[in-house]
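Work through the exercises below with the sequence and coordinates open. Try each task before reading its solution.

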Amino acid sequence: MFRQSKTVLQKLRNLRFQWQNPSWRFRSTSATERALQYQAGQKIHGFTVKEVVTVPDLFLTAVKLTHDNTGAQYLHAARDDKNNLFSVQLRTTPMDNTGVPHILEHTVLCGSEKYPCRDPFFKMLNRSLSTFMNAFTASDFTMYPFSTQNGKDFQNLLSVYLDAVFFPCLRELDFWQEGWRLENEKPTDPTSPLVFKGVVFNEMKGAFSDNERVYAQHLQNKLYPDHTYGVVSGGEPLAIPDLSWEQLKHFHATHYHPSNARFFTYGDLPLEQHLKQIQEEALSKFERTEPDTAVPNQPHWDRPREDHVTCSPDAMAPDAAKQNTLCMSYLLGDITDTFEGFTLSLLSSLMISGPNSPFYKTLIEPKIGTNFSSVVGYDGSTKEASFSIGLQGMAEEDTEKVKQIIVQTIDEIIANGFEEERIEALLHKIEIQMKHQSTSFGLSLASYIASCWNHDGDPVQLLKISDSVTQFREALKDNPRFLQEKVLHYFKDNTHRLTLSMSPDEAYLEKQVKAEEEKLQKKVQALSESDKKDIYEKGLELLSVQSKIQDASCLPALKVSDIEPTIAVTPVEMGTAGGVPVQYCEQPTNGMVYFRAMCSLNTLPEDLKLYVPLFCSVITKMGCGGLDYRQQAQQMELKTGGMSISTSVNPDYSNMDMYEQGVLLSSSCLERNLPDMFHLWSDIFNSPHFDDEERLRVLVMMSAQELANGISYSGHMYAMTRAARSLTPTGELQETFGGMEQVKFMKRIAEMPDLTQVLRTLPRIKRHILNPLNMRCAVNSTPQKMSDAAGQLDNFMSNVASNKKDRKPVRSDITERPLDPLAAPGSGPSRKLITEPNFKPCQMKTFFPMPFPINFVSECIRTVPFTHEDYASLNILSRMMTAKYLHREIREKGGAYGGGARVGGGLFTFYSYRDPNSVQTLSTFRKSVDWVRSGQFTQQDIDEAKLSVFSAVDSPVAPSNKGMGRFLSGITDELKQAHRERLFAVTDKSLVDVAGRYLGIGQRTCGVAILGPENDIIKKDPSWVVK
Ligand SMILES: [Zn+2]
């Protein structure tokens, strides 16, 4: 690695890095070029090539094929990306609410002909270096994607996936476990009451505790009532127990057939090998069928409809009296018309995105509701698309007013159209999205084409985004009223329109519980004594199968020796701009420049801390310099790929009671727009607007609503953050910035009648945070652009120099860590960390009652920091406990959607997700520690845990994010390599040893938190704090 401390400008001009792959800019025999050799009509392994197309915008070559015997469709996207992806999607179009496609999606992953062991899918997670493995059930298709950077691994996973999808066992016990079953509450006690259990049953109960999800589901069902979109493909919880095992097998036989399948592969691995394997292991065993799965168009209504639904009240709603949702939904055209879909999604953005859009002005700014309805804008996930517009968080009496506004706004759009600059801003955004390199590009492509292809649209046409842009520009040129006419046709003159309102019902949960109880009683009453005996015995059988030591040796696996022994080095250069330290990282960013800055909070008075997340969320949205907030939003869209600020709390890598606190500025732009982006940042530093209380109120309401909505989805994150609160100084600050404490704080702010006081704190915070003396920056760009970027950054720094104020840190206990780890302490720029040597971790158990039918449980234990010699063992241990114990106990037996353990920030954290159990899960956590200490695991278990940890450690990092770990936390490549070597060295002895020393009762300081429904056990136990 090259280092020097002179000014970076001078140095970068004559420096060339030694790239690992020096030809990345001019790849000669690349995957994209190799794919161009294929020709239409060519036969390969049972397939015929139909079309070969270059897509220069996305740097790929698309090869379209059809399987001769079965008619299976195939698309390969050859691209010079090591993160290869496979996906197979089946068109699954259920006609009832039993959730049959969803339960099938779970059950096929439970074992297959060639891989008959239980749960090969979850087992492969630990036998592979996959970067992604999952399965999804959409409204009308089911998709099985995986990705990996390792060729051998690709073949292994492909073999397991093909066998699972086309030759699953579909055993009755798998159906019981994954779908639903009647079982004694305590399976070992035949006198305990019978209850419903099952993974999907509980998953869907959890999903329907989310009001946004409830609303979206109703809206789709009611807008397309006549075919498959009229039912819940995931399963209506109370309809799930109507599904039989025979129906499940029948659905598989009719839907999971190659003639109903679409295969997609992506990346730099050769196509022929994929085709050969797919032909040999699956397709050669089938003959063509005529699957009856096509979705007919929804018959158009001749007049609009209205409907109403209820939901559970939201305890966190910013205003309890305003919890209604209302939206109007319009049926649009067929999504297989690619250009029409492109036009309508652009039109949708113009209508609703950002403060310059007509609906933002007419619906959001008058503050009738807290935010747009959860379903808003263009939705192309159904055969015919839809557009929805409305509000959530509104009062019932405003219903008529909102309907009127929607109709009027559409009239205004038809009359006035859109400003040209807004259209340009949107097209610019599309350009940025095409250039930005993400690490999961293959997966994004697979999901992008899935719906259109599912209905026999042309996926290649969909990839040619520039063609659509060109066609769009021409359409506008030919007819300036092009967009207005679309609005007239699809909105004003459209009689297939649904107005759906939703209001909270105090008795909603109670009614659900009662309905479930009635359903249960009906099932139970129909049982004879011998049926009950049968159920008891099946319950025991399932339990014994679940508890048996499992032989997974039939599954392919990588070995620990397949893992790269050393990490790929990311070279960075340190320099300064206007006295501020800068990290430069040259990357193939494809014409984008990424700029970040970390600003310390060390001088910020303690009483302002709670306000920092609010400050971050509004500072780029209030207007700056000569721009009001609308113009600012417009400039940001026209010139950048986004500008944002967020809190950043980073624990030190070697000391548990030390951390850096700050906010992180993040932004990106096309190279040509660099001066404009820095100009915007200068205005935000020098003259942000803090005078518009009405604007602030709109932003506060929207973020309070977002936070409240997020709990039912991310409850485990809130539980974990809370459990960590009393264990480290970092944990405490993270709760302040992003935990339940912050959610409640924002709710209080949103309820304040007068925000002038809040408005006045913003400039106070700004003076402390946007201060170049407490700042360091990072730039990622191409080598060609780096010196120019450095020059622009220098300019920016001199423009904001007047914000330099030498302020005293609030705390005196500050430790400095050099930014350049090889520099002598005190010789160069440093990160300033807060030390709290007197921090006393303490036990704490907190319960948050929530209107959900399921729990989120977490327990957190203070352990050791990243560089400690035991950290690697704890890391491997967390994976092994998750895969070999917690998954089985919490998900398979307990019926929760998920659960496990993880390490980070000096903590060992247990969690469960959408869990029917609460305090029982805490004892499962404890038992998992006994399980490790008893040593009942094998070398294979340890090796699998290592593979699983390394697949996370080595997961691909996008060019935009390279070097960020080092920039934020000071974790250098050398520290990472040392950690890597410790991971390799972990043994069975070290696992048992750390489990005893850190996790054993009496050895640990732990915090516990649960979010969930009213809980009698906790209520009676005084050791709990109930919030
Ligand atoms: Zn599921």
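## Exercise 1: a buried arginine and its partner

Arg262 has 4% relative accessibility, so Arg262 counts as buried (buried is under 20% relative accessible area, exposed over 50%, partly exposed in between, with a 1.4 Å probe and protein chains only). The model is predicted: local features need pLDDT of at least 70, side-chain atom pairs count only at pLDDT 80 or more, and totals for chains, interfaces and linings use all residues. Numbering runs from 1 along each chain as its sequence is written, and side-chain values use heavy atoms, without hydrogens and water.

Task: find the salt-bridge partner of Arg262 and place both residues in the fold.

Solution.
- Apply the criterion: a side-chain nitrogen of Lys or Arg within 4 Å of a carboxyl oxygen of Asp or Glu.
- The partner is Asp456, at 2.7 Å from N to O.
- Arg262 sits in strand β11 (residues 261-267), and Asp456 in the loop between α15 (441-454) and α16 (459-463), so the bridge ties together parts 194 residues apart in sequence. Helices (H or I, at least four residues) and strands (E, at least two) are DSSP runs, numbered from the N terminus.

## Exercise 2: two helix-helix bridges

Task: characterise the salt bridges of Arg473 and Glu735.

Solution.
- Arg473 pairs with Glu424; their closest N and O atoms are 2.8 Å apart.
- This pair links helix α17 (residues 465-478), which holds Arg473, to helix α14 (residues 420-435), which holds Glu424, 49 residues apart.
- Arg473 is partly exposed because its relative accessibility is 40%. Glu424, at 31%, is therefore partly exposed too.
- Glu735 pairs with Arg722, with 2.6 Å between the closest N and O atoms.
- Glu735 lies in helix α25 (residues 729-738) and Arg722 in helix α24 (residues 693-724), 13 residues apart.
- Both Glu735 and Arg722 are buried.
- Shared partners also join Arg127, Lys884, Asp941 and Glu944 into one salt-bridge network.
- The whole structure holds 51 salt bridges.

## Exercise 3: the zinc site

Task: which protein atoms bind the zinc ion, and what is the geometry of the site?

Solution.
- Collect donors: N, O and S atoms within 2.8 Å of the metal (3.2 Å for Na, K and Ca); water is not among the atoms, so sites may look incomplete.
- The search returns His102 (NE2), His106 (NE2) and two OE atoms of Glu203, at 2.1 to 2.6 Å.
- Check the angles: they run from 53 to 149 degrees among the four donor atoms, and the site is irregular. Four donors are tetrahedral if all angles lie between 85 and 135 degrees; four are square planar and six octahedral if opposite donors are over 155 degrees apart and all others between 65 and 115; anything else is irregular.
- Read the spacing: H-x3-H-x96-E.
- His102 in helix α3 (residues 100-108) and Glu203 in helix α7 (residues 199-207) are 101 residues apart. Both are buried.
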